[in-house]
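Biologist: I'd like a close look at a single part of this one, the surroundings of the ligand. Could you walk me through them?

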Amino acid sequence: MPLSSVISRDFSLRLHNTFGIESHADSYLPVRSAADLQAMLDDPQLSRLPQLMLGGGSNIVLTGDFHGLVLHSCSSGIEIVDADDNTTLVRAAAGVGWQALVEWTLQHGLGGLENLSLIPGSVGAAPIQNIGAYGVEMSACFHSLTAFDLTDGTLFTLDRAACEFGYRDSVFKRALRGRAMILDVTFALPRRWTPNLRYAELAAELAHLPAPSMQQVSAAVSAIRRRKLPDPAVIGNAGSFFKNPLVSRALRDDLLASYPGLVSHDQPDGSSKLAAGWLIEQCGWKGKTLGAAGVYEKQALVLVNRGGARGADVMALAQKIESHVRQRFGVTLEAEPVIV
Ligand code: EPU
């Protein structure tokens, strides 16, 4: 099929970002394979356009129309590619929904991803910010990925070390930013599964079960998420809007002296992670509205679309919160979503 017949022009992205922000892209290409990307590179007009890689749209804020080409991961397929005594390798195409992958693994009796149940977004986007929740980061079960280099059309594979995963961070946010379109991700899932109940709230949710199954852990995570986080299908949002800031233990101790309620967690590298939701709540922003954007009533870390919000509404609110937290606590908050 010629590329021109699958490209859409003046394409609305409202249904392709979980904030539900209206924004149009000049051109839009659904990407099902590396061949689609190669055809795009071979087209002298298309290859010159600014590019925006899009997965489930659950981690972006669109601040205006996009004058370029959206490359939307639309591939599908999940398969077991290898297994030994210790691990099962499962490969999923980038366009698969994250929750669909979690459910598939559970249906196949494969544990490892259950703490990451109900995270919105696609498989291909998961490594970019190393999604994490309830004591587990995706990097723990990551094996490798295949990506397409948009600068020269080469295909390459990266293992876990090469992805340089950190807290909501990876090489795709730094050296490979805007350059690598992830095509598929392979996960290494343990054959001998044990529940990870390190997150206190999850352990409490399952306290009545002596030996919870992976399905029960998944159900408990889903129940906690439904209680605290807005469903993007109902209220537009992009999950946590800010990262939990990492500060020195000295600064944490200073803050603790003035604010005994401060929530923090010591990190292996000697730093301390502060609960940004707590900082924001202390500044009085929880449940507040500014323009058409607001702070979710049950989780101050989540900004929501109160109806018809534009990217500018969300960013204006985010900036007010960021400056308030900086003034009061001397801590700088960093936005988690990609701002386009
Ligand atoms: N808190 C408040 N007020 C609030 C929100 C939180 O005081 O309005 C305090 C609570 O005391 C709680 C602590 O902050 O003890 C942590 O809150 P929570 O367990 O809700 O987690 P979080 O740190 O706010 C992070 C992730 C979430 C993930 C949860 C669970 C980040 C930026 N966010 O949130 O991830 O689901 O932990 O593991 O790390 C996301 O990235 O989009 C996301 C939702």
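Biologist: Which element gives the most to the shell around the ligand, and with how many residues?

Modeller: That would be α8, with three residues. Before the details, some ground rules: this is a predicted model, where local features need pLDDT of at least 70 and side-chain atom pairs count only at pLDDT 80 or more, while totals for chains, interfaces and linings use all residues. Residues are numbered from 1 along each chain as its sequence is written, and side-chain values use heavy atoms, with hydrogens and water left out.

Back to the shell. α8 (276-282) is joined by β8 (132-133), α6 (214-228) and β13 (237-240), each supplying at least two residues. Those labels are DSSP runs numbered from the N terminus, with helices being H or I of at least four residues and strands E of at least two. There are 24 residues around the ligand, and Tyr134, Tyr167, Tyr199, Glu281 and Gln299 come nearest; "near" here means a heavy atom within 4 Å. By type, the shell splits into ten nonpolar, six polar and eight charged residues. In that scheme Ala, Val, Leu, Ile, Met, Phe, Trp, Tyr, Cys and Pro are nonpolar, Asp, Glu, Lys and Arg are charged, and the others, Gly among them, are polar.

Now for the close polar pairs. Tyr167 puts a polar side-chain atom 2.7 Å from a ligand oxygen. Ser240 uses its backbone instead, with a polar atom 2.8 Å from an oxygen of the ligand. For Glu336, a side-chain N or O atom sits 2.9 Å from a ligand oxygen. On its own the ligand has 810 Å² of accessible area, and the protein covers 82% of that, going by Shrake-Rupley with a 1.4 Å probe.

Where does this put the ligand in the overall layout? The chain divides into domain 1 (3-73), domain 2 (78-227) and domain 3 (230-339), with bounds from an automatic or database domain assignment. Domains 2 and 3 both give residues to the shell, so the ligand lies between them. As for domain 1, its centre is 25 Å from that of domain 2, taken over C-alpha atoms. Across that pair, 15 residues of domain 1 are in contact with 18 residues of domain 2, contact being heavy atoms within 4.5 Å.

Tyr134 deserves a second look. Its loop runs between β8 and β9 (136-137), and its phi is near 50°, a positive value in a residue other than glycine. Tyr134 is also buried, at 9% relative accessible area; buried means under 20%, exposed over 50%, and partly exposed in between, with a 1.4 Å probe and protein chains only. Arg168 has a positive phi near 50° too. The loop holding Arg168 lies between α4 (160-163) and β12, and Arg168 is buried at 14%.

One last stop, since α6 turns up here again: helix α2 (residues 98-107) has seven of its ten residues buried. Among them are Trp98, Trp104 and Leu106. The cover over α2's buried residues includes β6 (78-83), β7, α3 (126-129), β12 (180-190) and α6. After α2 comes Gly109, with a positive phi near 70°. Strand β7 (residues 87-93) holds Ala93, which is buried at 11%. Leaving aside neighbours within four places in sequence, Ala93's contacts include Ser75, Val123 and Leu183. Ala93 and Leu183 are 90 residues apart along the chain, yet their C-alpha atoms are separated by 6.1 Å.

How values were computed. Polar contact = N/O pair within 3.5 Å; in protein donor to acceptor, adjacent residues only side chain to side chain.
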